[in-house]
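Subject: Structure handover

Hello,

Here is the structure you were to receive, followed by notes on what turned up in it. Please read the notes with the coordinates open.

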Amino acid sequence: MSLILGLESSCDDTSAALVTSDRRILAQAVVGQNQAHQPYGGVVPEIAARAHVEILPALIEQVLDEAKASVSDLDAVAATAGPGLIGGVMVALLAGKGIALAAGRPLIAVNHLEGHALSPRLVDPDLAFPYLLLLVSGGHCQLLEVRGVGDYRRLATTIDDAAGEAFDKAAKLLGLPYPGGPAIEELAKAGDPVAVPLPRPLVGSGEPHFSFAGLKSAVQRAVAAGTHSPEDIAASFQQAVVDCLVDRTRLALGTSDAPALVVAGGVAANKAIRSALSNLAKNEGRHFSVPPAWLCTDNAAMIAWAGAERLAQGLTDELDAPARARWPLDEAAGKVRGAGVKA
Ligand code: KG4
Ligand code: ZN
């Protein structure tokens with residue numbers, strides 16, 4: 001059994017966690033920055049980085065206290081090294097390097113996306129490789145075949161916005177606070193999902209990718225027209241995203257014989273999305289796994305767990321491991337039409 005300290009600061013959540021290789025989360029602390037960014041309707045990188053610097057040391061002390069552990073009990077330190085907002089990424093990575101050096105333990109420079117990708121295995125011991133992963137967060141919307149630790153094949157990505165980005169932009173148009181996902185999910189409860197006719201970009205096409213920009217523009221027009229209630233727009237928007245995710249995932253399942261479908265990333269916290277994908281998996285005869293909502297949004301437990309998985313394979317890093325703003329899971333996957341930085 002090994003004990004891993006995980007550190008995360010790649011976007012707008014600061015987090016530290018202590019996780020064991022036999023799947024026990026001894027302690028976790030997560031502090032979000034929603035209020036700091038709310039006036040701007042999105043994450044301001046400089047504000048985020050400063051907040052991480054101020055908060056992270058106290059969180060590390062807190063989880064060590066809670067678990068009655070000291071740095072000498074650690075077997076490794078796992079810190080997110082990218083992708084993300086580079087000023088923020090550097091905070092956890094540098095803290096991790098310092099602790100690893102002081103404790104004389106290995107550093108594991110974790111890809112944040114690998115943290116999301118492996119997170120279901122922290123809570124589902126029966127989830128074996130390979131599995132088809134729908135990774136839906138604020139910065140990414142991808143379908144990946146997860147074949148093993150560090151072994152990913154990208155089947156699809158977004159050609160414009162990520163799914164979480166679409167939620168955030170639609171929320172802004174509706175005058176809802178950042179982050180938009182939870183706010184839209186709440187408002188949608190009181191709305192009619194078929195009230196507003198909205199497009200489902202790429203649905204039915206043989207092209208495997210995602211697109212959400214046209215949906216956002218349609219929401220913009222619906223808001224401007226003023227003929228539908230915000231509740232109906234929220235519910236109809238959420239239904240359109242669900243339909244896009246289900247259609248694209250169904251297409252990918254047709255090209256993969258992976259026995260399980262897994263959903264991870266912040267958007268996987270959405271109940272409508274979870275239940276629609278669970279039904280899809282059932283209809284397609286695949287096992288379905290999705291982490292609890294607190295493990296879907298950014299957290300250090302998933303980083304510590306990815307560290308545990310890498311440590312078990314002997315995959316550790318040198319103390320000069322770089323912080324990376326861009327770091328695709330499947331380095332061999334090419335750029336897709338119009339994808340820009342989201343590939
Ligand atoms: O994985 P995450 O915490 O951070 C990134 O790595 O991006 O994902 C954040 C994204 C945001 O866009 C947020 O609006 C979305 O996940 N999100 C949701 C929900 N909770 C968070 N989207 C839809 N429904 C939710 N309940
Ligand atoms: Zn994330």
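How many residues surround ligand 1, and which are the closest? The model is predicted, and in it 20 residues surround ligand 1, the closest being Gly 138, Asp 168, Gly 181, Glu 185 and Asp 298.

**Ligand 1 and the zinc ion**

Three polar side-chain contacts to ligand 1 are listed here. For Glu 185, a polar side-chain atom lies 2.8 Å from a nitrogen atom of the ligand. In the case of Asp 298, an N or O atom of the side chain is 3.0 Å from an oxygen atom of ligand 1. His 112 has a polar side-chain atom 3.3 Å from an oxygen atom of ligand 1.

His 112 and Asp 298 appear again at the metal: the zinc ion (ligand 2) is coordinated by His 112 (NE2), His 116 (NE2) and Asp 298 (OD), at 2.0 to 2.2 Å. Along the sequence, these donor residues follow the spacing H-x3-H-x181-D. The two histidines sit in helix H4 (residues 112–123), four residues apart, which is about one turn of the helix. An α-helix has 3.6 residues a turn, so residues three or four places apart point the same way. His 112 and His 116 are both buried.

**The sheet and helix H4**

An open sheet is formed by five strands in the order E8-E7-E6-E9-E10, with mixed pairing. Its edges are strand E8 (151–156) and strand E10 (287–289), each of which pairs on one side only. On average, neighbouring strands of this sheet are turned by 25° against each other, direction ignored.

Within the sheet, strand E6 (residues 131–136) and strand E7 (residues 141–148) are paired in the antiparallel sense over six bridges. Leu 133 has Leu 144 in E7 as its bridge partner. The helix that carries the two zinc-binding histidines, H4, lies across E6, E8, strand E9 (260–264) and E10, and runs at about 125° to E6.

**Helix H5**

In helix H5 (residues 163–173) the buried residues are Ala 163, Gly 164, Glu 165, Ala 166, Phe 167, Ala 170 and Ala 171. These residues pack against strands E6 and E7, and also against helix H6 (180–188), helix H7 (213–225), helix H8 (230–253) and helix H9 (271–283). Just after H5 comes Gly 175, with a positive phi of about 75°.

**Backbone points to check in your setup**

Two cis peptide bonds are noted here. One joins Gly 82 and Pro 83, with omega about -10°; Pro 83 is in the loop between strand E4 (76–82) and helix H3 (86–103). Another runs from Phe 129 to Pro 130, with omega near -5°, and Pro 130 is in the loop between H4 and E6.

Positive phi also occurs in residues that are not glycine. Lys 68 has a phi of about 50° and lies in the loop between helix H2 (45–66) and E4. Is Lys 68 buried or exposed? Lys 68 has a relative accessible area of 75%, and because the threshold for exposed is over 50%, this residue counts as exposed. Leu 202 has a positive phi near 70° and is placed in the loop between H6 and H7.

Regards

Methods
Residues are numbered from 1 along each chain as its sequence is written. Chains are lettered from A and ligands numbered from 1 in the order in which they are written. This is a predicted model: local features need pLDDT of at least 70, side-chain atom pairs count only at pLDDT 80 or more; totals for chains, interfaces and linings use all residues. Side-chain values use heavy atoms; hydrogens and water are left out. Donors are N, O and S atoms within 2.8 Å of the metal (3.2 Å for Na, K and Ca); water is not among the atoms, so sites may look incomplete. Buried means under 20% relative accessible area, exposed over 50%, partly exposed in between (1.4 Å probe, protein chains only). Two strands pair if DSSP finds at least two bridges between them. Axes are lines fitted to C-alpha atoms, for helices over the stretch in contact, and angles run from 0 to 180 degrees between N-to-C directions. Contact means heavy atoms within 4.5 Å. A residue is near a molecule or strand if one of its heavy atoms lies within 4 Å of it. A polar contact is a pair of N or O atoms within 3.5 Å; within protein, one must be able to donate a hydrogen and the other to accept it, and residues adjacent in sequence count only if both atoms are side-chain atoms.
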